[in-house]
Amino acid sequence: MHIETKENLVSPDFFRRLAVVSAREALPRFRLPGAVVNKAAGGFDPVTEADRETEKAIRDLIRAEYPGHGILGEEFGNEGADAGYVWVIDPIDGTRSFISGIPLWGTLVGLTENGKAVAGMMAQPFIGELFYAAGNGAFYEGPRGQGEIRLSTRSTRDLANATLFTTTPAIFETARRAKYDRLEKQVRLARYGTDCYAYCMLAAGQIDCVVEAGLFAYDIVALIPIIEQAGGVVTDWDGGPAEQGGGIVAAANATLHAQIMASLHRD
C-alpha cells in the first residue's frame with residue numbers, strides 16, 4: 001500500500017501504472033467493431049465496453065493502493081465520495097473519437113483533496129503519451145523514451161495571436177454560443193474536436209486557450225492540475241473553481257484568461 005505524505009501524495013510511477021492498465025483494457029478494443037450503447041435520451045452519448053472495463057480496472061488499482069480514498073467515475077458513479085481524497089475517473093474521454101477510430105481520446109484520472117484538484121493524468125495509449133502533474137510541476141512522457149519532459153504554457157497575452165480550442169460549438173446553449181462565437185472571431189486560429197487532448201496541448205505550450213460548456217467533473221478534474229502546474233489558469237465561466245465542470249475557461253496565463261473572461265461577459 002502507498003503511504004501518502006503532503007510532499008508525495010501521488011508518485012509518477014502510480015500514474016504510469018494507471019496508464020498501463022488503461023492500455024491493457026482500451027487498446028484491444030480500439031478500431032474493432034463493437035457494441036456502442038447510447039446513454040442519452042433524445043441525443044447521442046455513447047459508451048462502450050472499453051469505457052466500462054477500463055474504469056473497472058482503474059478502480060481496482062486505486063482501491064488496492066489507496067483504500068481510504070473515495071472514487072467518482074463516469075461509468076460506475078460514487079464510492080466513498082465524502083472522503084477527504086477522491087479519485088475522479090473518465091476511462092475514455094472522447095468516446096466519439098474512440099468509436100470513430102481517431103486517437104484523440106484519453107484516459108483521465110484526477111485526485112481531489114477536500115474538493116480541490118491536486119493531481120492528475122491523461123494517458124493516450126495508442127500514441128503512447130502520458131501527461132501528468134502531482135504537485136511539483138506538469139510533465140510529459142512520450143513514445144520515444146525521452147523520459148520526463150517538464151511542461152510549460154505559452155506566453156501569449158493577446159487574443160489576436162491566440163489559438164483557441166473547443167470540442168464543438170454545437171454543445172453550447174444559445175446564450176453561451178453567441179458569446180463563444182464572438183470570442184472565436186477575436187483569435188488567430190480556432191480548432192474543434194480534441195476533447196481532453198486540447199487541455200494537454202495547452203499545458204504543453206502548443207495552443208493558448210480552451211473554452212467549453214456542459215462538462216462534468218470527470219471531464220476536467222484530471223486536467224486542472226496539469227494546466228495549473230504548467231503555468232496556466234483554469235476556471236468556470238464565472239471565474240470560480242472548475243472542479244465541478246460546467247462551462248470551462250482554460251488559458252496559458254492570467255493575462256490571456258482575463259481577456260477571454262472580458263470577452264465572454266461583455267454586454
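This text walks through some of the salt bridges in the structure. The model is predicted. Across the whole structure, a search finds 15 salt bridges.

Start at Arg 29. Its side chain pairs with Glu 25 in a salt bridge, and the closest N and O atoms are 3.2 Å apart. How exposed are these two residues? Glu 25 has 15% relative accessibility. Buried means under 20%, so Glu 25 counts as buried. Arg 29 has a relative accessible area of 24% and is partly exposed.

Arg 29 also forms a salt bridge with Glu 49. Here the closest N and O atoms are 2.8 Å apart. Where do the two partners sit? Glu 49 lies in helix α2, which covers residues 49-65. Arg 29 lies in the loop between α1 (12-26) and β1 (36-38). The pair therefore ties together parts that are 20 residues apart in sequence. Glu 49 is partly exposed, at 47% relative accessibility.

Now move along the chain to Glu 173. Its side chain meets that of Arg 176 in a salt bridge, at 3.7 Å from N to O. Are these partners buried or partly exposed? Glu 173 has 41% relative accessibility and counts as partly exposed. Arg 176, at 23%, counts as partly exposed too.

Salt bridges can also share partners, and one network shows this. Which residues belong to that network? The members are Glu 55, Arg 59, Asp 60, Arg 63 and Glu 79. Shared partners join these residues together.

Notes:
Residues numbered from 1 in each chain as written. Predicted model: local features only at pLDDT ≥ 70, side-chain atom pairs only at ≥ 80, totals over all residues. Heavy atoms only, no water. Salt bridge = Lys/Arg side-chain N within 4 Å of Asp/Glu carboxyl O. Buried < 20%, exposed > 50% of the residue type's maximum accessible area, 1.4 Å probe, protein only. Helix = DSSP H or I, 4+ residues; strand = E, 2+ residues; numbered from the N terminus.
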